[in-house]
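User: I should like a close look at one part of this structure, with the packing of a helix against its neighbours explained step by step. Please write for a first-year student.

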Amino acid sequence: MRLALAVASLVVLVVHGVVFRNQFFHEWERHQTAYIEQARSLAKTDRERTDLDARSPRIEQIIVSSFGDTHVDRCTTCHLAADDPRFMNHAEPLKTHPYSAALGDVQRNGQWERRHKFSDFGCTVCHDGEGRGLDTFYAHGQDEFWPDPLTGYVTQANWRKDFSPHLKGNEYMEANCAQCHTEEGFAGTPHVNRGRKLFYAMNCYGCHKIDGMSEGTLGPDLTEAGKKFKVDYLWESIVEPRANLDTSFMPNFHLPQDDVEALVIFLKSRRGVNFAETSLDRYKAHVANVAVVIPPGTAGEKAGEQLLGDRACTACHKLGDKDGGIAPDLSYEGLIRNEQWLADHFANPRSRVPDSIMPAFRFPADDFQKLTAYLETLKTPPPSNWDPQTTFTNLCARCHGEKGDGNGKVAWYIDPSPRDFTKQGFMASKPRARFVASIQEGVGGTSMPPWKQILKEDQVNGVLDYIMKNFARQIFVEQRRRNLPEANPVAASPESINRGEQIFELRCTGCHGRKADGKGPNSLDIFPHPRNFRNHWFVESVPDKRLFESIEYGVQGTAMPSWIDMLSTNEVGDVINFIRSLQTKSK
Amino acid sequence: MTPTKEPTGPLSALREFPQNIWNSIFRNPLPSTDLERSSTSFTNFFLHIHPVKVNRNTLRPAYTMGLGLMATFLFVILVVTGVLLMFYYVPSTTQAYDRMLDLRGTVAFGIFLRNMHRWSAHGMVAIVFLHMCRVFFTGAYKRPREFNWILGVLLLLVTLFLSFTGYLLPWDQLAFWAITVGTSIAGYAPIVGQQIKFVLLGDTTVGQEALLRFYVLHVAVLPAVLVLLMAIHFWRIRKDGGLSRPEKRPAPATDAGVVKLKKIYGLQGFVRGPFTKLGNVPDDSVYSWPNLLMAELFVFVLTISAILVVSLLFNAPLEQPVNVMHPPNPAKAPWYFLGLQEMVSYSAFWGGIGIPGLMVAVLLLVPYIDRGTAGVGRWFAKERLLANTIFLTLVILNVIFIVIGTFFRGPNWSLVWPF
Amino acid sequence: MTVAPPSHDKPAASAEAAMPRRRMLAWLSGFGLFASALLAVVSDWLFFKPRVTYGPSARFAIGKPDDFPPGTRIARDVERVCIVREGNKIAAISTTCTHLGCIVGIADTGFACPCHGSHYDQDGNVTGGPAPKPLPWFQVSLAPNGDIVIDKNAPVDPGTYLTV
């Protein structure tokens, strides 16, 4: 027992000793001692020598509060020679911080004078890193929990290996210069300037908001992207948009590395409101500045073609050999949509397709005209010798899917979703005439365009047969006679609408939502999604008889049940009056 | 012991619930016999601090005036009110003053609790000082109570330090400059003065570090030290045979106020002397239960009602927020250090370190210098005229200095007429 | 760990042999624990003494010599120091009044404190008012990059100058 006690006591003593000793002989003390020795050999006066002899290692710090929060920078504890011009050729950490005219430094009487004095700026304002740390690992921000590693010098261990090599380089520090030097053409921040131009040119501004620069609401707000995210996250978000959010519909722009770097540096410089860029006028000026240079005399369409390319429309749409994989094919747009439709759609996509996710780009009206004119020139029809299968694959499969199951390449981005032709219940319950009409005239308020200018009647029938045979695997079956009024027997009086509203609120809001926009609490689990009754283009294209049929008998192949046992004809009429009354509101 | 044969079904357990719970906590009956009265000292956790019997003299108000008890109860009030205040106070230079305003404005009973805390603090410093005077004037520091006196001096110093550290916390002009002056005085100590000031303040001037350190000292370190010293102080009282008392005492004129009891079960009787002493010599002791307890209760009620009344009538001061550029003129230390500050105005070293140091040294050495045992247990005993006179003189001098510093010193520490 | 049972035939001898060993072990334990306690006490002192403070640094650069033309006395209120240049000699005098810490202003005759009326001469000696001590002078040195560095933690005798 006593032996154990003695051993334990000695262990305690040794541990105490080790802990005690660790409080001395730090790494920074060694660096300081080396500096003092070096400086002593370089000293020119006796006074200097005596001062250095009397000097012992101590913690050096610079406290700076002029940049919002308080920075306590202890970098100069190791980097003691940062402001000593005699150490310019020394190895780090005892190397003089470089002087350069690019940093605003000037030469006076043969001596360099720093523009950004360390006593005024500290270190971390420009370099990031953890100012309070006193060993290399923490001070340089290599700790993965530290949000601001030494910009351009340090990558953290948990960063992706394929990105890390791109994230080093002095140019990343421009992001910090831009915190104060916010001018657009500032010579010292070429990468930030380039990134800013790309932000507009690649239409990022359409989806992303940056305070003072853009108003997009589809994507996350990037006003403080530089404050919230590290450069590896920013890089990843651009080259692999779906890396962190499976359901992201941000396109992959397949940008060259230099462009990605410029964008990352630009985004890293976004640390909150830039006071130099708040006015909306400046924003509009930006957009004008970013305008493509079109040689005078170029016809509108040619200009439109240029605009389309420069505005990166094909980051979402398909045209020619470019395909963003998110939005419909524009190749035959001149045959599918008319000028009015295109002009309205450009000004505000949701004025024509209420649930569209296309951003409302704030181009000048002039640009819209040019784009519309150009699209209207796309009138070359596809070859007429296409068989139905080829026709389907080239025209329909983009939305409806190769297998006709509604899972086309862009189906996920389209609301209402493309019809699933494999739903036999649905395909068997509708008259053929309706399908023909849908193909030829399109479906109002949805992304299904009218194909009548491209497909002749026999082609339409051919495609329809192909669909029914291969996907629906069902020929049309005559339903039992359904008792349906041709028109709504109930007059559209305020009382009827009121009654209809009550019934709607009681019965329908679970799926169709309290605002009748199809976003009820059950809607996310239902496929296809419940109809949006605010889509006046759609609702107005559907006759009362069809509404009666859908409500009383349900819609086979969807989750819409039949209400004939619970609602009388007059009640259904009230509901229809209510739904129709919404259309005047939503116009 | 064999278990009883009573039915132990759930129904009977339910019926006996209240009784069983009560009996499991209070296992002894409220005393009605002498045996029961005696046993309260070792059957109750809180009461085991009491001896079974105390000397009659101990309970005489005119003897102790209950000053020691008052100091203890004031400390209890300070701890309770202090902890309650801790729920709303933040020791940050940017937040402290605003929190004080909140305590005054929005916190329920905030003003009242703070007043109680402030006046109890001042009260405790004064009462502790008076208690020390009482102990001196009754010669109760003499053998075998020398070490208890030492503990008392230490308790006095810790109390002063507690008050000093708490003084800074409101972070108003009064607090800031009082502590600036106080710590400057501490800095006058030779050789170690500046070092001690640096460690105390955590910086060269009073700032966030000082506020944080004073807060930690005030709410954690010093209360723990005080409680420890108090515990030993009370233990020592028991081991020294209770409070001091005169050697022989004539029979009391009246037995009014003393509960007379038949049998005597003194533990000390068992331990110290033979049984035959009982009944053979005049017995000056009375049972702690209920006499001592009643006396303590009375002192407690007196203390707390005084504090409550004072807290109702007078608000603790809160001056302007700290302005480092604007020292008030004059800047005065807390009242118990004003005597020191007055002396410092004559000589920084002697006033700040020399004389106080000497005074503390003298206090600590007194029981070892004054060895005579005559006159213990009586106020101003003639046998102790010299000691009493010296002490009284020093006390009066100190009070005079404090009075001068408080009322007769104005801007630039010049003499002013206060009326 | 096993303790060998004492042999029955020689109990006295083994008991005596155990004594020095026991004493040594006790001494070792005592030494170990006592030395640890000592280290702990010293560590406590090191712990409480702050290694950094957060106020303005006591040692700072104040500009280049050319910023202080010969014959001038320039007061810097933020740093609470007055730079005096006479010819090629530079000195730094504190502008914190030694009475209660206000900032003294430059007067024709030296320095004057607006708070309680202390007066000092050109060298900081007290000429009137409640100030108890003269204004201290601080060490002035030249940094490698040409800055003048003042160290308020290093007071020097009045009349000490740096020659530039």
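Analyst: Axes are lines fitted to C-alpha atoms, for helices over the stretch in contact, and the angle between two of them runs from 0 to 180 degrees between N-to-C directions. Two packed helices are described by the angle between their axes and the distance between the axes. The model considered here is predicted.

The part chosen is helix α5 of chain B, which spans residues 67-86. One of its partners is helix α13 of chain B, residues 288-313. The axes of α5(B) and α13(B) cross at roughly 55° and come within 9 Å. Angles from 35 to 65 degrees fall outside the ranges for roughly parallel and roughly perpendicular, and therefore α5(B) is oblique to α13(B). The crossing of these two helices, α5(B) and α13(B), is right-handed.

The residues that form this contact can be named. From α5(B) come B:Leu69, B:Met70, B:Phe73, B:Leu74 and B:Ile77. On the side of α13(B), the contact is made by B:Glu296, B:Val299, B:Phe300, B:Thr303, B:Ile304 and B:Ile307. By class, the residues of the contact of α5(B) with α13(B) comprise 9 nonpolar, 1 polar and 1 charged.

Helix α5(B) also packs with helix α7 of chain B, residues 110-137. Here the angle is about 155°, and the axes lie 8 Å apart. Since an angle over 145 degrees counts as roughly antiparallel, α5(B) is roughly antiparallel to α7(B). The crossing of α5(B) and α7(B) is left-handed, whereas that of α5(B) and α13(B) is right-handed. In the contact of α5(B) with α7(B), the residues divide into 16 nonpolar, 7 polar and 2 charged.

The setting of this part may be completed with the contacts between chains. Chain B gives 13 residues to its contact with chain C, and chain C gives 12. The side of chain B that touches chain C has 4 nonpolar, 7 polar and 2 charged residues.

Chain C also touches chain A, in a contact that takes 24 residues from chain C and 23 residues from chain A. On the side of chain C, the elements that give two or more residues are α1 (11-48) and β1 (59-63). The largest share of that side, 13 residues, comes from α1(C). The residues of the side of chain C that touches chain A divide into 15 nonpolar, 7 polar and 2 charged.

Methods: Residues numbered from 1 in each chain as written. Chains lettered and ligands numbered in written order. Predicted model: local features only at pLDDT ≥ 70, side-chain atom pairs only at ≥ 80, totals over all residues. Helix = DSSP H or I, 4+ residues; strand = E, 2+ residues; numbered from the N terminus. Parallel < 35°, antiparallel > 145°, perpendicular 65-115°, else oblique. Left-handed = near helix turned anticlockwise from the far one by under 90°. Nonpolar A, V, L, I, M, F, W, Y, C, P; charged D, E, K, R; others polar. Contact = placed C-beta atoms within 7 Å.
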